[in-house]
Each structure stands twice: as C-alpha cells, then as structure tokens.
Amino acid sequence: MKLKEMAPMMKEFFSGYIDYHKEIKKHDVWIKKYAATKGLKVNPHWMFYTNLKIWIAESESMFGKRYCPCFEPGENAEVNKRLLCPCKFAQEDIQKHGSCHCVLFGRGDLTDEGFKEGETRLMQEYRGTPLNLENGILDTRGAHIDPARGLPVPDSLHQVKRALNKARGQTLEVIVETNVEVENLGKFAGKQGLNFRSSKVGDTWHVELIPRATA
Ligand code: SF4
C-alpha cells in the first residue's frame, strides 16, 4: 500500500483508538469470553483486532447496536438482527474459511498464517476493488453481493470512508440506492462532524457530505 493511502488510514486508526478507548476494553471482554465458550480463537494481530473493536464501537455509537463491523444494517430487519456481533453467519463462515467474515474469530486450531490469509481476503474485498469515484462523486452501486447475507461488499459506508480519505477536505457527493443508506450516512456525518444534504434523484439518492468549514 502506498504511503499516500496509508497515512489517512493510520490517522483514522489512532483517532478511533483515542475516541473509543473505553469501549475497546469493554469489547475485549465479551469477545474473549465468547471465543472461550465456543472453542474459537480471537484474531491474534493487535492492530487488526483493535481496528475491529474500534469499528464495532463505532457501529454501536452510530446505530445503538453492535452490528458486524464489515456490514452496515440495511432494509431487512431480520437480516439486521442476524448481523449483530457475534453474528448468526459466523459459524458457516468459520466452517468455510477458518475464520468469520471479518476475521475477528477463527477456528480453535487456526494458525497465525490462517488468520493472515483471512485478513488478506478481507482487505481484497474491501480495498481491492477500485472506487467508482470521479470529480468528487462516489457511485456506491454495483458492489459485489455477499451470498450469505445478501448485502453489498463493500457497503456504501465503507466506500464513503475510503473516498473521504481521498477527498481531502472537499465535499463528497455520494450516490446510493436505498433510503436506509441515506439514514446511515446521516448518522455517520453527525459522528464525523460533516454537514449533510440528501435528495432523491430518479431511483437513487444523492447525498452530500460537506466539511463544516466550507458549508
Ligand atoms: S463476521 Fe465476525 S466480526 Fe462480523 S459480526 Fe460476525 S462474528 Fe462479528
């Protein structure tokens, strides 16, 4: 990964680490307890594991619930319920890949190498596909659909986070398909201190995320 991309990711990591310091400790407790009860291993890589706890804490603070750090809640309430971490999809993921989708939990005998392979797979899913971003407009539609959950990977929220790192203080316009994504982006904007505007354009929604200083 290039230094230009690495620097904003590191900044995001350390600011999340500071903001959610207490929550990270809280999540550490139930994650380890759950893993011990189920005979699973917790991701042994400090930075990756800490990032997942930051994202769980962020999800809880935005949505009031502990959703999977890799998926934003969508329109289907039943699927949303199944997305709460530890999710109902984890067991099948672990059987198939050795680890859950986000590589938080792995099989009891999963090696360090096995966790690294899972992390590479996840990074490929979330950062391997180029963003559909041109002239400050991010079109989030058309992402791969996770077959188990029926949800896009990467979802619009993860795409927006990546795009904001490239936008460098400029307004980002985002095209999304559903009203729930608009609501989620509104909550995200509130947390990030961004101004937010949305409008319906044909079958899609257009959202503007505007840095406060230029609003
Ligand atoms: S995939 Fe892993 S991290 Fe994501 S909700 Fe399921 S158990 Fe939690």
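## Starting at Ser15

Does Ser15 count as buried or exposed, and why? Ser15 counts as exposed, because it has just 11 C-beta neighbours inside 10 Å, and the cut-off for exposed is 12 or fewer. Keep in mind as you look around that this is a predicted model.

You'll find Ser15 in helix H1, which covers residues 3-19. Try picking out Phe105 as well: Ser15 and Phe105 are 90 residues apart along the chain, and their C-alpha atoms are separated by 24 Å.

## Around the ligand

Now over to the ligand, which has 13 residues surrounding it. The closest are Cys68, Cys85, Cys87, Cys100 and Cys102.

What kinds of residues make up this shell: nonpolar, polar or charged? The split is 12 nonpolar and 1 polar, with no charged residues.

## Helix H7 and what it packs against

Helix H7 runs over residues 156-167, and you can check its length yourself. Its 12 residues, at 1.5 Å a residue, should span 16 Å, because the expected span uses one less than the number of residues. The C-alpha atoms at its ends are indeed 16 Å apart, so the two values agree.

Several H7 residues are buried: Ser156, Leu157, His158, Gln159, Val160, Ala163 and Leu164. The buried residues of H7 pack against two helices, H6 (112-127) and H8 (179-192), and also against strands S3 (133-134), S4 and S7. Right after H7 comes Arg168, with a positive phi near 45°.

## Strand S7 and its two partners

Strand S7 spans residues 172-176, and its two faces look quite unlike each other: Leu172, Val174 and Val176 sit on the covered face, while Glu173 and Ile175 are on the uncovered one. Side chains in a regular strand alternate between the two faces of the sheet.

Which way do the neighbours of S7 run, parallel or antiparallel? Strand S4 (residues 137-139) pairs with S7 in the parallel sense, over 3 bridges, and Asp139 has Ile175 of S7 as its bridge partner. Strand S9 (residues 204-211) runs antiparallel to S7, and 5 bridges join them. Here Glu173 has Glu208 of S9 as its bridge partner.

## The S8-S9 hairpin

S9 also pairs with strand S8 (residues 194-201), in the antiparallel sense and over 8 bridges. If you look for Leu194, you'll see it stands opposite Pro211 in S9.

S8 and S9 form a hairpin with 2 residues between the strands. Gly202 in this hairpin takes a positive phi, near 60°.

Terms used: Residues numbered from 1 in each chain as written. Predicted model: local features only at pLDDT ≥ 70, side-chain atom pairs only at ≥ 80, totals over all residues. Near = placed C-beta within 6 Å. Nonpolar A, V, L, I, M, F, W, Y, C, P; charged D, E, K, R; others polar. Buried ≥ 20, exposed ≤ 12 C-beta atoms within 10 Å, placed from the backbone. Helix = DSSP H or I, 4+ residues; strand = E, 2+ residues; numbered from the N terminus. Pairing = 2+ DSSP bridges. Contact = placed C-beta atoms within 7 Å.
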